[in-house]
Amino acid sequence: MIASFCAVLTLVLLPFAAATGGHGNFNYKRALHSSLLYFEAQRSGHLPYNQRVKWRGHSGLADGLQQGVDLVGGYYDAGDNVKFGLPMAFTVTMLSWSAMEFRDEIKAAGEWRHVLEAIKWGTDYFIKAHAEPDVLWAEVGDGDTDHYCWQRPEDMTTSRQAYKVDRDNPGSDLVGETAAAMAAASIVFRRSSPHYSRLLLHHAEQLFEFGDKYRGKYDSSVSEVRRYYASVSGYGDEMLWAALWLHRATMRTEYLDYAVAMADEFGGTTWAINEFSWDVKYAGLQILAAKLLLEGSHRPEHRTTLEQYKSKAEHYLCACLGKNGAAGNVNRTAGGMLYVRQWNNMQYVTNAAFLLTVYSRYLAAATTGASMVQCPDGPVRAGELLELARAQADYVLGGNPAGVSYLVGNGQRFPRRVHHRGASIVSHRADGRFIGCVQGYDHWFRRAGSNPNVVVGAIVGGPDHRDRFSDRRSNYMQTEACTYNTAPMVGVFAHLHSQAGRSETK
């Protein structure tokens, strides 16, 4: 009876002051270290000799075999065993953006090699998936059959059917995001591996051309993805996102010309959005465009459109700050968490923290004299953006009414029953006996106890609009973690650790 009660226990709310432990008491360096471990837990394929997450083993070693293509590798997106291309590509884009913006801070924390490895595990897979100029493999595995079973990835007996987009079955959103990921990664590897950087850029350019020439939504071509990662925003945001990343990677005017020419048609200067996610890229690409304006690296004929991009970027930032007046703000819980929607709200929190952090840097470094965001409810300085980002990061780490760290493995209290197949079943290394499809549900999913493996660095879906969190394996809306929740925090944690170090030396 006690065990059953514990399994469904909703974590008790603690006084908020006690939960936070005071401002600045969080170990951002440890959080950064943990975040990078999580990507090793999500690896598919043949694991390397230096794999640090020892409870994981090789998996998906025949991926693509039925289709005659090598699709071994890449990442599982969350607690299942499917490789979904769109969220995987967004994860790599955000890891790469973190790496290029916070290179020095990540190096100072001793994590640079691990960041490069996390990015490369994804880009190596994308190179395989981009088997021909106008072909991109979109998914390996089937969400429906996968969700019917509860198995470790090392044991999975579910379908490993692979699905692709091509000229006849286009997918500009998936193709554009993958182009963005490879362009961004090419910048990261430019110093350490110039040949690899050029290879990534070559693929990015081909993919961009493919996505633009053969336009269409990928979930119209790959119906199997609709229930899991449907492209609600369409492909316009991904194509603008890819163009701006290719411009940053190449500094070729043609890509900025594209972002300016297609700004209105694709919604870049017309959509004012209050979220940023694996699906909706507008706020991110608007901030990339605003950066060009702030640093003065644009042609005069681009200025008007870039000003429109900047206006929409600052709408998003003001919405997060609660200073948008009648234009609309992002909701906040009583405990201070930005709240967009019930399912996996933490993705919006972590992505907002990242965009707030990078824009604060862009403002501080602006050469055009623009040092503030002009919100409807008054101007906001760069420091205020960073303070909100810090508040969201601290909430993730335990500065919340529940006193729970939503970064698994960090702090005294964190989710113990993460909705994650591999973590919830005894590791293959500890017990190599095969665990069947239904057996996993009977013996492991329904267990009341904690997961036998801690998926360190995972950021779970998080609490509801009233800061309540229920640590149950079946509560996937709150206890499932995703790679794109953690990816943006790599940069944020690195920056906050650096800021904390500077404060201590003053």
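## Report on a predicted model: helix H3, the nonpolar cores and two histidines

In this predicted model, the buried residues of helix H3 are Tyr 28, Ala 31, Leu 32, Ser 34, Ser 35, Leu 36, Leu 37, Tyr 38, Phe 39, Glu 40 and Ala 41. They amount to 11 of the 14 residues, and H3 is therefore mostly covered, given that a residue counts as buried under 20% relative accessible area. The length of H3, residues 28-41, can also be checked: at 1.5 Å a residue, its 14 residues should span 20 Å, and because the end C-alpha atoms are 20 Å apart, the two values agree. At the N-terminal end, H3 is capped by Asn 27, with a side-chain oxygen 3.3 Å from the backbone nitrogen of Lys 29.

The largest nonpolar core holds 164 residues, and within it Trp 97, Trp 245 and Tyr 359 touch the most other members. Another core lies apart from it; this one has seven residues, including Trp 150, Val 426, Ile 435 and Tyr 441. Trp 245, beyond its neighbours within four places in sequence, is in contact with Thr 93, Trp 97, Met 100, Ala 180, Ala 183, Ala 184, Ile 187 and Leu 288.

Two histidines may next be considered, each located in a loop.

| Residue | Preceding helix | Following helix |
|---|---|---|
| His 298 | H14 (282-294) | H15 (303-321) |
| His 419 | H17 (382-397) | H18 (421-424) |

The side chain of His 298 reaches the backbone oxygen of Leu 292 at 3.4 Å. Apart from neighbours within four places in sequence, His 298 has contacts with Leu 292, Leu 293, Arg 303 and Leu 306. His 298 and Leu 256 are separated by 42 residues in sequence, while their C-alpha atoms are 8.8 Å apart in space.

His 419 is listed by UniProt, in an unreviewed entry, under "active site". Is His 419 buried or exposed? Its relative accessibility is 9%, so His 419 counts as buried. Leaving aside neighbours within four places in sequence, His 419 is in contact with Gly 79, Trp 150, Phe 445, Arg 473, Tyr 476, Thr 479 and Glu 480. One of these, Trp 150, is also a member of the core of seven residues.

Finally, the confidence of the prediction should be noted. The mean pLDDT of the chain is 93, and 94% of its residues reach 70 or more. Over residues 1-23, however, the pLDDT is below 50, although this stretch has 42 contacts in the model beyond near neighbours in sequence. Where pLDDT is low, predicted coordinates should not be read in detail.

How values were computed. Residues numbered from 1 in each chain as written. Predicted model: local features only at pLDDT ≥ 70, side-chain atom pairs only at ≥ 80, totals over all residues. Heavy atoms only, no water. Helix = DSSP H or I, 4+ residues; strand = E, 2+ residues; numbered from the N terminus. Contact = heavy atoms within 4.5 Å. Polar contact = N/O pair within 3.5 Å; in protein donor to acceptor, adjacent residues only side chain to side chain. Expected span 1.5 Å × (residues − 1). Buried < 20%, exposed > 50% of the residue type's maximum accessible area, 1.4 Å probe, protein only. Core = buried A, V, L, I, M, F, W, Y, C linked by side-chain atoms within 4.5 Å. UniProt positions renumbered as here; feature names shortened; annotations may be inferred. pLDDT = per-residue confidence, 0-100.
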